[in-house]
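Reader: I am new to this structure and would be grateful for a close look at a single part of it. Please take one pair of side chains as the starting point and explain what surrounds it.

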Amino acid sequence: FGLFGEQEVEGTVASSNFSLRFCLLFYLMGNTQPQPQLGEIIDVDELLRGDEAAGKKLQDSLEQRAYAVFSLRDRDIISSFHGITKDIHGFFACEESVKEEFVSDEGNVGYVRTTTREFLKLRSNDISTCCEKIGLQQDNANQAHSNLARIGWHSFLCMNNCSPTPLPVSELDEIKECLEERASLSVIHYFPASVDEAADFINEAPNAKDLCEQSNMLEVCSQHKDTGIFTLIMTSNVPGLDVYDNKLQAWIPLETLIQQHRDPPNTEIMVLLMGHKAPLFLGAKCQPTLHRVTVKKAVERPSFLYFMDTAKIN
């Protein structure tokens, strides 16, 4: 029935029905969750040119939401990302004995396999060796790494310039030198989803609203915050990345919301997340991004990302 219908003849009945309808309306209003909305999308080309408006969008998004969304239209950059992703997924199709040759004693670098995924994580110095052994196109791989580093570094400089206590040039030079040695790109292959990692890790936002789909979803990468400064992720056509949006104070299906803006190979959408080192370098307003990966059972998913970290791998 309508919330506000025709008037009843008897006064007591009318009063009773009005009270019922008012209570129902109040209940519905109180149980309406905020609809997830994507923040402003930042043009990477404008950011790389030093455009002030793009820089302000980046600052607002990171400080308010704890993540930023980039649009990428440079066909050469997109091609370099697609190329290395395709090459490494070809490596994932190799025999296990071949992949095990790339397991590293250093820990979270080289080839790594878990119950839910496998990935190949490469620093710039690892690329030439991998190209020789598994047939990566070296020029393309170097270009992909360089493009990621450039986008990440310009984002860092932009946020440093906004900081109330910006780092001096000498310190920036040291950070950049560390990043050139230790930052890494990673191509991930999530196996057809069958295992849920949610129970294996601490729930950092147990009372948070969750605006993501819940039915038949598996958390194939449990909620966590990265260790570095920034993580750049090129979004996939198999959405799975969820983030905790600080402005909405809720989990949102970020990669699902992004799909309508993707138009590969003309336009790709990237997401910038902050890690634990972001507030150390950029101030307390830059807090690490809580995020996770969820997909439906049996869904297989690719991912491509760049870890902008100054720490040694081990």
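In particular, in what kind of contact do the side chains of K99 and E118 meet?

Author: The model discussed here is predicted. In it, the side chains of K99 and E118 meet in a salt bridge, with a distance of 3.0 Å from N to O. The pair links distant parts of the chain, for the two residues are 19 residues apart. K99 belongs to helix α5, which covers residues 96-100, while E118 belongs to strand β4, which covers residues 117-123.

Both partners may next be considered by their accessibility. K99 has a relative accessible area of 2%, and because buried means under 20%, K99 is buried. E118 also has a relative accessibility of 2% and therefore counts as buried. The pair is also part of a wider arrangement: salt bridges that share partners join E96, K99, R113 and E118 into one network.

The strand that carries E118 leads to the sheet. Strand β4 is part of an open sheet of eight strands with mixed pairing, in the order β1-β2-β11-β8-β13-β5-β4-β3. The edges are held by β1 (41-43) and β3 (110-113); each has a single partner strand, so one side of each is left without a neighbour in the sheet. Direction ignored, neighbouring strands of this sheet are turned by 25 degrees against each other on average. In general, strands of a sheet pair through backbone hydrogen bonds, either parallel or antiparallel. Strand β4 and strand β5 (residues 184-190) run antiparallel and are joined by seven bridges. One residue pair can be named here: L122 has L185 in β5 as its bridge partner.

A helix also meets this region. Helix α4 (residues 75-92) lies across β4 and β5, and also across β2 (67-72), β3, β8 (230-234), β11 (268-274) and β13 (301-308). Helix α4 runs at about 55 degrees to β5.

Two other salt bridges may be set beside the starting pair, from the 18 that the structure holds. The side chains of R65 and D245 meet in a salt bridge of 2.7 Å from N to O. R65 lies in helix α3 (residues 52-65) and D245 in strand β9 (residues 241-245), so that this pair, 180 residues apart, likewise links distant parts of the chain. Both R65 and D245 are buried. R182 forms a salt bridge with E181, where the closest N and O atoms are 4.0 Å apart. E181 has a relative accessibility of 45% and counts as partly exposed.

Notes:
Residues numbered from 1 in each chain as written. Predicted model: local features only at pLDDT ≥ 70, side-chain atom pairs only at ≥ 80, totals over all residues. Heavy atoms only, no water. Helix = DSSP H or I, 4+ residues; strand = E, 2+ residues; numbered from the N terminus. Buried < 20%, exposed > 50% of the residue type's maximum accessible area, 1.4 Å probe, protein only. Pairing = 2+ DSSP bridges. Axes fitted to C-alpha atoms, helices over the stretch in contact; angles between N-to-C directions. Contact = heavy atoms within 4.5 Å.
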